[in-house]
Amino acid sequence: MVETVLRARGPYSLRLTARTTHWQAKLPGGRWAAAHQLHDGRVVIRSSCEHAVEDARFMLALDDDTSEFPRLYARDPLIGPAVQHLRGMRTRRKATVTHAVIRGVSGQLIQASRALRIERAIIRACGEDPPSRVALAGLSPARIAACGLAGGRAATLTRLARTIALDELRADERPLERLGRERGVGPWTVGVVALQGLGRYDVGLVDDLALVKLLASLRRRWPEPGETAELLAPYGEWQGLASVFLLQGFKRGLVRGASTDRARLVRSTASRAA
């Protein structure tokens, strides 16, 4: 076992980033890693090997200095309260790009809890945790659909695994352009892969269902597809991280003028009008 104690670059909270005080993960090749944060802010990583330490550093975003983000947006009228209350939060990442792709395809415009059930079922069907591209490519669209995913999306997932070297996209010069050209891959899927698979902050979660609800609450009407891009555009190269703060801020009542109750009312009104 290897134990490493390090300090993240910039403000960092393991509890907010990993949604737990004691994080642990299975890694490719049977490796593993676990982490907790000391009172002085340092993070202790215990792992099966040095390679697993590097995996953990990526998954926990420990080497990303996000100090500029709160400097720019702590007083932002929309996300400022969330930035102030959730200081040190970053993005949880997946051990493989393939896992991020599974999440990005299975979670398109459905409730997060249902999407997570489908994602876990697909991973069990792969027989590997975390899933590799080879394992996913071995599943037929029918087998993936049996996990609860709609037929068209199941076909998309199989095609992506069989035609793109997903777990090599981190080394690709233009990975998101390559992924975005694929049929059945929308901006939300690209955003998920950018954030959770590639570790990028410049691509937002356009059309995330929770962001759609947030925008509906703010504008008192149900948004058109793609309209949430307007919500994220002001944050430029930080659109991905802004998405995370907006989602958590909305969930915790930290976005001024927005509430989940108002979003439900707007959706109900829109459904009756239709």
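Here is a walk through some local features of this structure, from its helices to its charged side chains and backbone oddities. Keep in mind that you're looking at a predicted model.

Let's start with helix 14, which runs over residues 239-251. This helix has 13 residues and spans 18 Å from its first C-alpha to its last, close to the 18 Å expected at 1.5 Å a residue. Eleven of those 13 residues are buried, so helix 14 is largely enclosed by the rest of the structure. If you click along the helix, the buried set begins with Gln 239, Gly 240, Leu 241 and Ala 242. It carries on through Ser 243, Val 244, Phe 245 and Leu 246, and it also takes in Gln 248, Gly 249 and Phe 250.

Lys 251 isn't on that buried list, and this residue turns up somewhere else: in a patch of positive charge on the surface. Its partners there are Arg 15, Arg 19, Arg 92 and Arg 252. Arg 15 comes from the other end of the helix numbering, sitting in helix 1 (residues 14-18).

Now for charges that do find a partner. Side chains of opposite charge can pair when their charged atoms come close. The structure holds 14 salt bridges, and a few are worth a visit. Asp 63 and Arg 57 meet at 2.8 Å, N to O. Both ends of this pair are partly exposed: Asp 63 has a relative accessible area of 32%, and Arg 57 has 22%.

The bridge between Glu 182 and Arg 178 brings its closest N and O atoms to 2.7 Å. Here the two ends fall into separate classes. Glu 182 has a relative accessible area of 15%, which is under the 20% cut-off, so this residue counts as buried. Arg 178, at 26%, counts as partly exposed.

Glu 227 and Arg 221 give a similar picture, with 2.4 Å between the closest N and O atoms. Glu 227 is buried at 8% relative accessibility, while Arg 221 is partly exposed at 38%. This pair doesn't stand alone, either: Arg 219, Arg 221, Glu 227 and Glu 230 are linked in a network of salt bridges.

What sits between Arg 219 and Arg 221 is worth a look too. Arg 220 has a positive phi of about 65 degrees, although it is not a glycine. You'll find Arg 220 in the loop between helix 12 (209-219) and helix 13 (228-232).

Ala 61 does something along those lines, with a positive phi of about 55 degrees despite not being a glycine. Its place is the loop between helix 2 (50-59) and helix 3 (68-73). With 0% relative accessibility, Ala 61 counts as buried.

One more backbone feature to check is the peptide bond from Asp 129 to Pro 130, which is cis, with omega near 5 degrees. Pro 130 also belongs to a loop, this one between helix 6 (112-126) and helix 7 (133-137).

Finally, have a look at Leu 160 in helix 9 (residues 151-163). Leu 160 is buried, with a relative accessible area of 0%. Its C-alpha is separated by 9.4 Å from that of Val 185, a residue 25 positions away along the chain.

Notes. Residues are numbered from 1 along each chain as its sequence is written. This is a predicted model: local features need pLDDT of at least 70, side-chain atom pairs count only at pLDDT 80 or more; totals for chains, interfaces and linings use all residues. Side-chain values use heavy atoms; hydrogens and water are left out. Patches are made of residues with over 30% relative accessible area and no salt bridge: like charges are joined within 9 Å, nonpolar side chains (Val, Leu, Ile, Met, Phe, Trp, Tyr) within 5 Å. Accessible areas come from the Shrake-Rupley method with a 1.4 Å probe; for residues, only the protein chains shown count as cover. A salt bridge is a side-chain nitrogen of Lys or Arg within 4 Å of a carboxyl oxygen of Asp or Glu. Lys and Arg count as positive and Asp and Glu as negative; His and the chain ends are not counted. The place of a charge is taken as NZ of Lys, CZ of Arg, CG of Asp or CD of Glu. Helices (H or I, at least four residues) and strands (E, at least two) are DSSP runs, numbered from the N terminus. The expected span of a helix is 1.5 Å times one less than its number of residues. Buried means under 20% relative accessible area, exposed over 50%, partly exposed in between (1.4 Å probe, protein chains only).
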